[in-house]
Amino acid sequence: MFIGHLPGAYLFFRTATPKLSPVVFAAAMIGAMAPDIDMLWFYFVDNRSHHHHEYLTHRPILWLGFLILGLILRKWSDRVGSIIAGFGAGGLVHMVLDSIVGSVSWAWPFSDAAYPLVTVQATHSHWILSFLNHWTFMVEIGITLLAAFVFWHRQRKTREPEALGS
């Protein structure tokens, strides 16, 4: 997934949890992007010797741990717990989206088995071109356009009362 993580998470959290506080929503959006922080390690430290989905940041158990920790911490601090839970939920959304064309080890640490839902064949000279020309990228574009529409529509709805009052 190249461009769909943030728009996909936006759509998920806007529809599944429409009354989420702005701070928790922001934490979820950050969580939806956070697993790809491992790209820094992949390029600058590991010299691309392991696929970045093999790093801890692409293990669903990590994000499930954040989610569970946040839910537990809500007992003492609803705000802090909700932020951590939102962050973990965002990371899990990332894992689900990566599972479409990427390999994610859902049963790790018990198993390293990871199978994508759809396999993108190497049809071009560079792997990025193969992904960009695969039908699944059109789905990402659709998700992105839908998220942009929902965002625009929500912004328009929140401004309408102001216009009526003037």
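**Helix α4 and the nonpolar cores**

Let's start with P60. P60 is buried, at a relative accessible area of 4%. Buried here means under 20% relative accessible area; exposed is over 50%, and partly exposed lies in between, with a 1.4 Å probe and protein chains only.

A word on the source. This is a predicted model, where local features need pLDDT of at least 70 and side-chain atom pairs count only at pLDDT 80 or more, while totals for chains, interfaces and linings use all residues. Residues are numbered from 1 along each chain as its sequence is written, and side-chain values use heavy atoms, without hydrogens and water.

P60 sits in helix α4. Helices are DSSP runs of H or I, at least four residues, numbered from the N terminus. What does P60 touch? Setting aside neighbours within four places in sequence, P60 is in contact with L92, M95, V104, S105 and W106. Contact means heavy atoms within 4.5 Å.

Now α4 as a whole. P60, W63 and G70 are its buried residues to note. They cover an arc of only 95 degrees around the axis, so they lie on the same side of α4. That arc is taken from the directions from the helix axis to the C-beta atoms. The cover over these buried residues includes α5.

Next, the largest nonpolar core. A nonpolar core is a set of buried Ala, Val, Leu, Ile, Met, Phe, Trp, Tyr and Cys residues joined through side-chain atoms within 4.5 Å. This one has 14 residues, and A9, Y10, F13, F25, M29 and V93 touch the most other members. Helices α1, α2, α5 and α7 each supply at least two of its residues. Another core, of seven residues, lies apart from it and includes W63.
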